[in-house]
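Let us take a walk through this protein together, starting from one small spot and working outwards. Keep the structure open beside you as you read.

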Amino acid sequence: MGCDAVMIYLFQRQLPAYRIPMLRYLNEELSGDLIVFTSMPNIPRDSVNKLGFAVRAVPQKDFMGASFSLQDVTKVVDAGRNTHKVSAVILEASLRNINLFPNLIALKRRKIPVILWGHAGSRRRDMVRSKDPRDLAFKMAIKRADAFITYTENDRYRLERIVGEGTIFTARNTIDATALTKLKDNCERDGKENIKNRLGLSKTYYMCYIGRLLKEKRIDMFLRTLRFLQEKGLDIGAIIIGEGPLLPDLKLLGARLNVKHVHWMGRIDSHSESAPFLYASDLQLIPGAVGLSFNHGLAFGLPLVTCVATKDGPFHGPEIDYMVEGSTGAMVDSKNVEDIAETVNEVIQKLPHYKKESQNYFHTKLGVNSFLAGFMDAIHFVDNEVSP
């Protein structure tokens, strides 16, 4: 690498599998000028040279079960500057990075632009008005950064109330839309009935859940809703993809409720393996916290039914902003099983409409470009406005 090379450094505490293809697209957009730094345990050793972008280990100390981390960012940046220019550093926007402020200050002294990327504060509090010390600290971090990349437009609008317009950009948090679209097209060629027969799915309708089986997801309400619908005579079953600490208890609950036609698929990491199950489903039901699985379902035309957030939860991720009532799904302003079941029934009555709108939303709003645009705009901004 020559001394005149220019690189973008991106630091991650973890390197989740879904993010790898998105970073590969970003590296291609940057003409190979991206280096991703993460802790050594997060680097897939057997495929490190096949990721499609450079990945390096960063010294990282984890605390409280990795809930908090300390990364030696400045040491890595200083070493890199011996061989090339570091034109921008992208840091995870989280106070769980214990030395976030020292890194911001140190990079500012080195006149290296800093872009924060991530959640726009707590999902449990109104950060704009909050006087909570955590929110006050987060607002200070936003103001110290040269730019901020949010997950959704609503998050961008919220942060602009704090720092004004111009430095906040949106890179929609999404997954590999290109790969998922190909898988969905393959399923369409195979045909839904053929797939259902092959998978042993005999019911007219299927509700799907994909993700970790955690308390905040409220899978117990999923099962109670299914029982209610079955007792009312709806010919419906369920596909549950995922694992987690609650799996044994949830299976016992399902048996006690006498819900039928529940297919517990366990963990499926491969999109190609989960694709037939999603294509064979008709909608997603997540009574609890909604996250990135919303996108996954939308790729296969699955509308979402979930509950409205209250002070007691569910505390949805930013992806809840992709909910368009009457198009990509429906929100239930209640935690009563009867009300959730009624909403599921209403969506089923208009399934062709919901499926079409869900797929359209995914293709037009959650494609790879919706992710890349925010990054490239932020990088160009700091390069033009901030870099010396």
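Start with Leu292, which counts as buried because its relative accessibility is 18%, and buried here means under 20%. The model you are looking at is a predicted one. Leu292 belongs to the loop between strand 13 and helix 11 (293-299). What does Leu292 touch, once residues up to four places away in sequence are set aside? Its contacts are Tyr18, Asn173, Thr174, Ile175 and Glu319. Another residue to find from here is Gly317: the C-alpha atoms of Leu292 and Gly317 are separated by 7.9 Å, although the two residues are 25 residues apart along the chain.

Now step back and take in the whole chain. The protein chain has 14 helices and 15 strands. Its C-alpha atoms fill a box of roughly 70 × 45 × 35 Å along the principal axes. The radius of gyration is 22 Å, which agrees with the value near 21 Å for a compact globule with 388 residues. Buried residues make up 55% of those 388 residues. Among contacts with a separation of 6 or more, 72% are between residues 24 or more positions apart.

With that overview in mind, go back to strand 13, which leads into the loop of Leu292. An open sheet of 6 strands, paired in parallel, runs in the order 12-11-10-13-14-15. Its edges are strand 12 (262-266) and strand 15 (329-332), each of which pairs on one side only. From one strand to the next, the twist averages 20°. Helix 12 (residues 337-349) packs on this sheet and touches strand 10 (205-210), strand 11 (236-241), strand 13 (283-286), strand 14 and strand 15. The direction of helix 12 makes about 165° with that of strand 15.

In a regular strand the side chains alternate between the two faces of the sheet. Are the residues on the two faces of strand 13 buried or exposed? Leu283 and Leu285 on one side are buried, and so are Gln284 and Ile286 on the other, which leaves both faces of strand 13 covered.

Strands of a sheet pair through backbone hydrogen bonds, either parallel or antiparallel. You can follow the parallel pairing across part of this sheet. Strand 10 and strand 13 pair over 2 bridges, and Met207 stands opposite Leu283 in strand 13. Strand 13 and strand 14 pair over 3 bridges, with Gln284 opposite Leu304 in strand 14. Strand 14 (residues 304-307) then pairs with strand 15 over 4 bridges, where the bridge partner of Leu304 is Gly329.

There is another sheet to visit. In this open sheet, 7 strands follow the order 3-2-1-6-7-8-9 with parallel pairing. Strand 3 (54-57) and strand 9 (168-170) stand at the edges with a single partner strand each, so one side of each is left without a neighbour in the sheet. Neighbouring strands of this sheet are turned by 25° against each other on average, direction ignored. Strand 7 (residues 114-117) and strand 8 (residues 147-150) pair in the parallel sense over 3 bridges, and Ile149 in strand 8 is the bridge partner of Trp117. Helix 5 (residues 153-163) packs on the sheet, touching strand 8 and strand 9, and its direction makes about 180° with that of strand 9.

Finally, look at the aromatic rings. How many aromatic pairs does a search of the whole structure find? The search finds 9. Phe11 and Phe37 make a stacked pair, 4.9 Å centre to centre with 15° between the planes. Phe11 lies in strand 1 (residues 6-11) and Phe37 in strand 2 (residues 34-38), so the pair ties together parts that are 26 residues apart in sequence. Phe11 is buried at 1% relative accessibility, and Phe37 is buried with a relative accessible area of 5%. Ring pairs also link Tyr9 with Phe11 and Phe37 into a cluster.

Tyr322 and Tyr361 form a tilted pair, because their ring centres are 6.3 Å apart and their planes stand at 45°. Tyr322 sits in the loop between strand 14 and strand 15 and Tyr361 in helix 13 (residues 351-365), so this pair ties together parts 39 residues apart in sequence. Both tyrosines, Tyr322 and Tyr361, are buried. One last ring to find is Phe68: Arg96 lies over its face, at 5.3 Å from the ring centre.

Conventions: Residues numbered from 1 in each chain as written. Predicted model: local features only at pLDDT ≥ 70, side-chain atom pairs only at ≥ 80, totals over all residues. Heavy atoms only, no water. Pairing = 2+ DSSP bridges. Axes fitted to C-alpha atoms, helices over the stretch in contact; angles between N-to-C directions. Contact = heavy atoms within 4.5 Å. Phe/Tyr/Trp six-rings, centres within 6.5 Å; stacked < 30°, edge-to-face > 60°. Buried < 20%, exposed > 50% of the residue type's maximum accessible area, 1.4 Å probe, protein only. Lys NZ or Arg CZ within 6 Å of the ring centre and 35° of its normal. Rg over C-alpha atoms; globule rule 2.2 N^0.38 Å.
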